[in-house]
Amino acid sequence: QVQLVESGGGLVQTGGSLRLSCAASGRPFSSYGMGWFRQAPGKEREFVAAISRSGANTDYADSVKGRFVISRDNAKNTVLLQMSSLKPEDTAVYYCAAVRAYSPSSYATMGARYDYWGQGTQVAVSS
């Protein structure tokens, strides 16, 4: 089992920045690829960003490329999502997720691949 706890959400104005943090506990954190997903009211959950076990490989949804940065610290069992130039359409509940990864370079962009999920943290961007 892996437990994931997100933090760092809040209300921010358009153009502002937030940093989300996900703290993991349980099985060795470095065995998992990590991802961030989000779900806005009335919409399906969507992929935001992913990072491989080693942290060397990342991927982003087109809607956040150039604005969001995912990173991880395996020594601290933490994955971060630095969000900049926020837009009202970024408003959503953001979820951290973990997927068993057998290769240091692998990650996943499909939510169905993920094994563990956090409870989510709300991000609201005002116009």
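## A tour from one ring to the core

Start with Arg-45, which lies over the face of Phe-37, at 5.8 Å from the ring centre. This is a predicted model.

Keep Phe-37 selected. Phe-37 is at 2% relative accessibility, and buried means under 20%, so the residue counts as buried.

Now add Phe-47. Which kind of aromatic pair do Phe-37 and Phe-47 form? The pair is edge-to-face, with 5.7 Å from centre to centre and 70 degrees between the planes. Phe-37 sits in strand β4 and Phe-47 in strand β5, so the pair ties together parts 10 residues apart in sequence. Phe-47 also counts as buried, at 15% relative accessibility.

Widen the selection to Tyr-114 and Trp-117. Together with Phe-37 and Phe-47, these residues form one aromatic cluster.

Jump to Phe-29 next. Arg-72 lies over the face of this ring, 4.4 Å from the ring centre.

Now show the strands. Four of them form an open sheet, in the order β1-β3-β8-β7, with antiparallel pairing. β1 and β7 are the edge strands, each pairing on one side only. From one strand to the next, the twist averages 15 degrees.

Zoom in on β1 and β3. Six bridges join these antiparallel strands. Select Leu-4: opposite stands Ala-24 in β3.

Leu-4 leads on to the interior. The largest nonpolar core has 38 residues, and Leu-4 is among those with the most contacts inside it, as are Met-34, Trp-36 and Tyr-94. Strands that each supply at least two residues of this core include β1 (2-7), β4 (32-39) and β8 (78-83). Which strand gives the most to this core? Finish on β9, with six residues.

Key: Residues numbered from 1 in each chain as written. Predicted model: local features only at pLDDT ≥ 70, side-chain atom pairs only at ≥ 80, totals over all residues. Heavy atoms only, no water. Core = buried A, V, L, I, M, F, W, Y, C linked by side-chain atoms within 4.5 Å. Buried < 20%, exposed > 50% of the residue type's maximum accessible area, 1.4 Å probe, protein only. Helix = DSSP H or I, 4+ residues; strand = E, 2+ residues; numbered from the N terminus. Pairing = 2+ DSSP bridges. Axes fitted to C-alpha atoms, helices over the stretch in contact; angles between N-to-C directions. Phe/Tyr/Trp six-rings, centres within 6.5 Å; stacked < 30°, edge-to-face > 60°. Lys NZ or Arg CZ within 6 Å of the ring centre and 35° of its normal.
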